[in-house]
Amino acid sequence: MSSSTANFDKTKAFLIDTTKCTGCRGCQVACKQWNQLKAEDTKFFSGEGYQNPPLMSEYTFTRVKFKDYQKNGQNEFAFYKEMCMHCNEPACASVCPVGAFKKTAEGPVIYDAKRCIGCRFCMIACPFGVPKYEWSKAFPLVRKCTGCYSRVKEGLQPACATACPTAISYGSRAEMLKEAGKRLKNRPERYYNAIYGKDEAGGTSILYLTQQPLDELGFKPVTKRSLPSYTWQALRLVPGIFLTVGGGLSLVSWFNHRKERIKREQDQLNGAAAPENKEVDR
Ligand code: SF4
Ligand code: SF4
Ligand code: SF4
């Protein structure tokens, strides 16, 4: 699913209506539980909002941003859930030299740790800054939201969507766009007139409605054109030394991964099975 003429209407998408988000962070907790992600040290104030933890990481695939703003002289809060956008034509997949990222027919963009050589091109290419590297590990991998592909392919909704009491709808991209358009038309006083994700980066599987202008909430201004055609041009501008060093490190990393995988497979053969979700769809 990589051609710009492909139709993504039937792929699954999130409609995240931030005007209905209560900031309960049920989605954040559900994601941690389903993906068996460890807790992190948290800080109350990060400088760019009041969210906790302050940034997405290899242990936090989604976080709810808390943004304060002034309305009629009053302090108000806006909340919104941040996650991988599951782009229709993902830049991460287009630059990966070994095909570790894939846009599935169902919609989620998934990652195959067995293929990854650790070059981190995906981290440079992603316009939303999503893929994270396991810097703290001896054998690091890239981590990001999987769109709960193992659930979606079985006909279930993602864990975060299931947990959300108010703000997240999940269905075909065509249905979600229709629903978003209906809300904008019926309640113009409630919404800022834009659907973030409809066209950004060529269109994504995460669609947002907001009350405030997108830049005031901290949504990144991203080109509306599909990115894969640009990404290699952009990466060519990365200094050669970086690519050379990166290439060398990648090779070392690939061999390390390979050794680790062989050990893990041997452990599994010996009956020491890995936790169920660890290898499913990250
Ligand atoms: S948001 Fe980034 S990591 Fe997610 S699919 Fe798009 S390019 Fe890939
Ligand atoms: S889709 Fe799954 S992995 Fe992604 S944020 Fe939601 S619960 Fe986490
Ligand atoms: S579960 Fe829903 S309402 Fe609660 S923080 Fe997440 S998106 Fe907002």
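**Exercise 1.** Determine how the shell around ligand 1 divides by residue class.

*Solution.* Step 1: take the residues near ligand 1 (a heavy atom within 4 Å); there are 14 of them, and C84, M85, C87, C92 and C126 come nearest. Step 2: sort them, with Ala, Val, Leu, Ile, Met, Phe, Trp, Tyr, Cys and Pro as nonpolar, Asp, Glu, Lys and Arg as charged, and the others, Gly among them, as polar. The result is 12 nonpolar, 1 polar and 1 charged. The model is predicted: local features need pLDDT of at least 70 and side-chain atom pairs pLDDT 80 or more, while totals for chains, interfaces and linings use all residues. Residues are numbered from 1 along each chain, chains are lettered from A and ligands numbered from 1 in the order written, and side-chain values use heavy atoms, without hydrogens and water.

**Exercise 2.** Repeat the sorting for the shells around ligand 2 and ligand 3.

*Solution.* Step 1: ligand 2 has 13 residues around it, and C31, N35, C145, C148 and C160 come nearest. The elements giving two or more residues to this shell are α1 and α5 (159–163); helices are DSSP runs of H or I with at least four residues, strands runs of E with at least two. The classes are 8 nonpolar, 4 polar and 1 charged. Step 2: the shell around ligand 3 includes C21, C24, R25, C27 and C164, and it divides into 6 nonpolar, 4 polar and 1 charged.

**Exercise 3.** Describe the surroundings of Q28.

*Solution.* Step 1: Q28 belongs to helix α1 (residues 26–35). Step 2: its relative accessibility is 8%, so Q28 is buried (buried is under 20%, exposed over 50%, partly exposed in between, with a 1.4 Å probe and protein chains only). Step 3: beyond four places in sequence, Q28 contacts N52, P53, T62, R63 and V64 (heavy atoms within 4.5 Å). Its side chain comes to 2.9 Å from the backbone oxygen of N52.

**Exercise 4.** Classify the ring pairs F77 with F79 and Y80 with Y208.

*Solution.* Step 1: rings of Phe, Tyr and Trp (its six-membered ring) pair if their centres lie within 6.5 Å; planes under 30 degrees apart are stacked, over 60 edge-to-face, the rest tilted. Step 2: F77 and F79 have centres 6.1 Å apart and planes at 15 degrees, a stacked pair. Step 3: for Y80 and Y208 the values are 6.2 Å and 85 degrees, so this pair is edge-to-face. Y80 is in strand β3 (residues 74–82) and Y208 in strand β9 (residues 206–209), so the pair ties together parts 128 residues apart in sequence.

Key:
Polar contact = N/O pair within 3.5 Å; in protein donor to acceptor, adjacent residues only side chain to side chain.
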